[in-house]
Amino acid sequence: MKVGDQVEKGQTIGVIEAMKMMHDVVADHAGKITKVLVANEENVEFDQPLFEIEID
């Protein structure tokens with residue numbers, strides 16, 4: 001996903017690999033992505049925001 005992309009509630013917007021298992025990141029709300037807060041392959045922590053979404 002990139003800035004400006006429209007997303008629907010429940011849409012997969014990313015994938016996180018943890019301990020060789022893949023986990024989908026789904027949008028909580030419908031809207032437009034306004035900011036991507038982490039780069040591809042960057043380490044992330046539990047509950048860390050990954051995207052900012054402007055809610056429709």
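Where is Met19 found, relative to β2 and β3? Select Met19 and you land in the loop between β2 (12-18) and β3 (21-26). Before you click further, note that this is a predicted model, in which local features need pLDDT of at least 70, side-chain atom pairs count only at pLDDT 80 or more, and totals for chains, interfaces and linings use all residues. Residues are numbered from 1 along each chain as its sequence is written, and side-chain values use heavy atoms, with hydrogens and water left out.

**Stop 1: the hairpin**

Stay on Met19. Its phi is near 55°, which is positive, and Met19 is not a glycine. As a rule, most residues other than glycine have a negative phi. Met19 counts as exposed because its relative accessibility is 79%. (Exposed is over 50% relative accessible area, buried is under 20%, and partly exposed is in between, using a 1.4 Å probe and protein chains only.)

Now colour the strands on either side. Strands here are DSSP runs of E with at least two residues, numbered from the N terminus. β2 and β3 make a hairpin with two residues between them, and their antiparallel pairing runs over six bridges. Two strands count as paired if DSSP finds at least two bridges between them. To see the register, pick Thr12, which stands opposite Val26 in β3, then Ile16, which faces His23 in β3.

**Stop 2: His23**

His23 sits in strand β3. Is this residue buried or exposed? Neither: His23 counts as partly exposed because its relative accessibility is 37%. Show what surrounds it: leaving aside neighbours within four places in sequence, His23 is in contact (heavy atoms within 4.5 Å) with Gly14, Val15, Ile16 and Ala18. For a distance to try in the viewer, draw a line from the C-alpha of His23 to that of Thr12: these two are 11 residues apart along the chain and separated by 9.9 Å.

**Stop 3: the three-stranded sheet**

Next, select β1, β4 and β5. These three strands form an open, antiparallel sheet in the order β1-β4-β5. The edge strands are β1 and β5, each pairing on one side only. Five bridges join β4 to the antiparallel β5. One pair to click on is Ile33 and its bridge partner in β5, Ile53.

Follow the chain into the loop between β4 (31-36) and β5 (51-55) and you will find Asp47. Asp47 has a positive phi, near 70°, and is not a glycine. Asp47 is exposed because its relative accessible area is 69%.

**Stop 4: another aspartate, Asp5**

Jump to Asp5, in the segment before β1 (6-7). Asp5 is buried because its relative accessible area is 17%. What does its side chain reach? The Asp5 side chain comes to 2.9 Å from the backbone nitrogen of Lys2. Not counting residues up to four places away in sequence, Asp5 touches Gly31, Lys32 and Ile33.

**Stop 5: the core**

Finish inside. Show Val7, Ile13, Val25, Ala27, Ile33, Val38 and Leu50 as spheres: these seven residues are the largest nonpolar core. A nonpolar core is a set of buried Ala, Val, Leu, Ile, Met, Phe, Trp, Tyr and Cys residues joined through side-chain atoms within 4.5 Å. Which residues does Ala27 touch, not counting those up to four places away in sequence? Ala27 touches Val7, Glu8, Lys9, Gly10, Gln11, Ile13 and Ile53.

Methods: Helix = DSSP H or I, 4+ residues; strand = E, 2+ residues; numbered from the N terminus. Polar contact = N/O pair within 3.5 Å; in protein donor to acceptor, adjacent residues only side chain to side chain.
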